[in-house]
Amino acid sequence: MRPLAEQDHYEVLEVPREASFEDVERAYRVAQAAYAEDSVALYSVFGGEDAQALRDRIELAWSVLSDVERRRAYDAMLSQGGTPPAAAPVALRERFRDGGFEEEARPIAITMEPAKPPPPPARYEKPPLRPLAAPVLEPVDAHEDVSSGELDGAALRRARQRRGLELEQIANVTKISPMYLRYLEDERFEDLPAAVYVRGFVVSYLRCCGIDPATALPSFMARYEAVRAAGRSGRTAGRLPGRV
Amino acid sequence: MREEIPLSPVPASDAALDPVLRSRPRLVAVGGGKGGVGKTFVVANLAAALARAGHPVVVVDADLDGANLHTALGVASPRATLADYVAQREDDVGKLVSDTAIPNLRLIAGTQGNLGEAQPDPARRERLLEGLARLPARFVLVDLGAGHQPALVDYFLAADDGIVVLTPEPTSVENAYGFLRAAFYRRMHDVLLQPAVRKVIAEAMDQRNERGIRTPFDLQREVQAIDPGAGAAFVAAVARFRPSLIVNEVRTAEEIKLGFAVRSVCRKYFGVDAEYLGYVNHDDAARRSVLARRPLVELTPGSDASIYLERIARKLADPGRLHGQATDVSA
C-alpha cells in the first residue's frame with residue numbers, strides 16, 4: 001500500500017491491472033461517490049485540499065483507463081517500470097477549468113505515458129458514463145438468493161440493492177416503467193399485464209442484476225401464474241367484492 | 001408456544017475435521033465507536049444465526065456502561081456476569097457462562113450493577129482472553145459497546161474478526177473512523193517496541209502534532225527514518241490489520257454504497273485493507289424483535305433484515321474465510 005502520490009491509476013481506482021472496462025467503470029462510480037464533496041464517508045478524514053487531490057487523481061485515472069488507446073500506452077509505460085507523477089494532482093487542479101482539463105495539463109500525463117503518446121484531442125472531455133450494460137454484471141453475489149431456484153419479489157429487490165441500483169436505473173436501461181418494476185418487487189401480480197409481457201420484464205430485470213434468467217425465471221413466473229389463476233377462479237366463483 | 005423454525009443448513013464444511021476450527025473458538029469482536037448504531041442487535045443476531053446453524057456460540061457483553069446483551073437475548077437476570085471476574089470473585093471464565101433460550105447459544109453477561117471499575121486491568125484482560133479461547137465453543141462474539149477506550153480496542157485487536165458497525169449517518173461514520181484510528185495506532189504501539197518509535201507514534205495520535213504527521217503514511221515515513229527495520233515491521237503490521245465493516249440501518253441502495261466508500265477511505269487514508277462484510281437494512285421487524293427481547297433471526301427469520309444478518313453469519317462461518325480469505329460485498 002502506497003501513499004496517493006505514489007499510486008498508479010489502477011491503485012487509485014482500486015482495480016487490478018487486468019480489470020475489464022466494466023470493472024474499471026464500476027470502480028470509478030464507487031470512487032466518484034466515495035469522494036464526492038457531500039460524501040458522508042469522506043469529510044471526517046480528508047480535508048478540503050486532500051479530498052480535491054483525490055478527486056483529481058480519480059478523474060485522471062478514469063480518463064486514461066477508460067480510453068483503450070491511452071490505457072494501452074499507460075500499461076506499456078508501467079510494464080517498462082515507469083512511475084506515476086507525485087505532483088500530478090496539484091498541477092492538474094491548477095489547470096482544471098469548466099469541468100475539463102486544459103491541454104496544458106498534458107505534460108503531467110506525459111511523464112506517465114510513453115515518449116510518443118497518440119495525439120490527444122484538442123480538449124479533454126470527461127467521457128460520459130456508458131449506460132448500464134444489461135448482461136455483463138458479475139453474477140456471483142446476486143445468485144445468493146436464487147441459487148435454490150426460488151425467486152420472489154423480495155429476492156428481486158435484494159438482488160437489485162446488492163448491485164447498488166435504484167429502480168429508476170433499471171427503468172432507464174430496460175425502458176420498463178418503474179411502476180411495473182415496483183409491482184414485480186411487491187408481487188402485485190394483479191396489477192401487472194399479461195404473462196407474455198411480465199416474462200419480458202422479469203428477464204430484463206434479472207439481466208440488469210446479473211442473474212441468469214434461465215435459473216430464476218421459472219419459479220417467479222410460477223408464483224405469478226398461481227396468483228393470477230387464484231384471482232381468475234375467485235372471479236369465476238363470484239367471490240370478489242362487488243360480485244356477490 | 002414458539003414457532004418451530006427449521007435450522008439454517010449447517011455448512012457442509014469439514015469443520016469437525018478442520019484443525020483450525022477444532023483448536024479454539026473463533027473470536028469475533030464487534031465495536032464501532034458510536035452508541036446506538038446497533039452493535040448489540042448485530043451481535044445478538046449474528047450469534048443466534050450461527051447457533052441456529054448448529055455452531056456452539058458464546059456471546060460476551062464487554063460493554064462498559066450499557067450492558068444489555070442479556071436483554072436482547074431474553075435472559076432476565078444473569079446468574080454470573082463479567083463483574084464477578086472484574087471484582088475477582090470468580091477467576092474461572094467458564095463459570096461466568098449462562099444458558100439462553102436458544103440452543104447452542106450461551107452468554108457471559110456484562111457488568112451491569114457494578115458501578116466500580118467496569119473493565120479488568122490489562123493483566124486480567126489478557127487472562128480473560130485466554131479464558132475465552134478455552135471455552136467449548138466454535139465462536140465467541142464480544143459486544144464492545146461504544147467508545148474506543150484501550151480495553152475495548154485490545155479485545156478488538158485480539159479478535160480473529162474485528163467488526164466495526166456503522167450507520168449511514170455522519171456522526172456514526174466519524175466515530176467509526178475514530179475507533180479505527182485508535183485501533184490502528186494501538187496496534188502500532190503494541191508491535192513497535194523501540195522507545196524512539198513509540199514516542200513518534202504517541203505524538204502522531206494527536207492530529208495537531210508538531211512534527212506535521214497527518215496520516216499513517218506520514219507516520220510510516222517517520223518510523224522508517226528512525227529505523228528501517230521498524231519501518232518494515234510497521235508495513236507488516238498494517239498488512240495484518242484487516243477490520244471488517246457492517247453497515248446497519250440501510251434504507252436505500254445508495255446507502256449500501258457507504259460500505260464501499262468507507263472501505264476505500266480506509267485504503268487511501270490508513271493504507272489498510274478493510275473488508276465490507278455486509279449490510280443490514282432498516283426493518284420494522286427489528287424493532288419488534290427488540291421489544292420482544294428475542295433475536296430477529298429467531299423471531300422473524302423470513303424478514304429482510306434477518307436474511308441479511310444470516311448472510312453475514314454465513315460469511316463468518318465460511319471455511320474459506322476461516323483460512324484467511326476475504327468475503328467482501330460485491331460492488
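In this predicted model, a convenient place to start is a single bridge in chain B: B:Ser98 has B:Leu107, a residue of strand 4, as its partner. That bridge belongs to the pairing of strand 3 with strand 4 (residues 105-108) of chain B, which is antiparallel and runs over two bridges.

Stepping back from this pair, the sheet of chain B is open and built from eight strands, with mixed pairing and the order 3-4-2-5-1-6-7-8. Strand 3 (98-99) and strand 8 (275-281) of chain B each have a single partner strand and stand at the edges, so each has one side without a neighbour in the sheet.

Two helices that pack on this sheet can be described in turn. Helix 2 (residues 39-52) of chain B touches strand 1 (26-31), strand 2 (57-61), strand 4, strand 5 (139-143), strand 6 (161-166), strand 7 (244-250) and strand 8 of chain B. The direction of helix 2 of chain B makes about 170° with that of strand 5 of chain B. Helix 11 (residues 253-270) of chain B also packs on the sheet, and there it touches strand 7 and strand 8 of chain B. Its direction makes about 155° with that of strand 7 of chain B.

Helix-to-helix packing is illustrated by helix 9 (residues 216-226) and helix 10 (residues 228-240) of chain B, whose axes come within 5 Å and cross at roughly 145°. From helix 9 of chain B, the contact draws on B:Gln220, B:Val223, B:Gln224 and B:Ile226; from helix 10 of chain B, on B:Pro228, B:Ala230, B:Gly231, B:Phe234 and B:Val235. Sorted by class, the residues of this contact are six nonpolar and three polar, with no charged residues.

For chain B as a whole, the count is 15 helices and eight strands. Of its 331 residues, 54% are buried. Among contacts in chain B with a separation of 6 or more, 73% join residues 24 or more positions apart.

Turning finally to the partner chain, 28 residues of chain A are in contact with 26 residues of chain B. On the side of chain A that touches chain B, helix 2 (21-34) and helix 7 (153-162) of chain A each supply at least two residues. Helix 2 of chain A gives the most to this side, with five residues. By class, the side of chain A that touches chain B comprises 16 nonpolar, four polar and eight charged residues.

Key: Residues numbered from 1 in each chain as written. Chains lettered and ligands numbered in written order. Predicted model: local features only at pLDDT ≥ 70, side-chain atom pairs only at ≥ 80, totals over all residues. Pairing = 2+ DSSP bridges. Helix = DSSP H or I, 4+ residues; strand = E, 2+ residues; numbered from the N terminus. Contact = placed C-beta atoms within 7 Å. Axes fitted to C-alpha atoms, helices over the stretch in contact; angles between N-to-C directions. Nonpolar A, V, L, I, M, F, W, Y, C, P; charged D, E, K, R; others polar. Buried ≥ 20, exposed ≤ 12 C-beta atoms within 10 Å, placed from the backbone.
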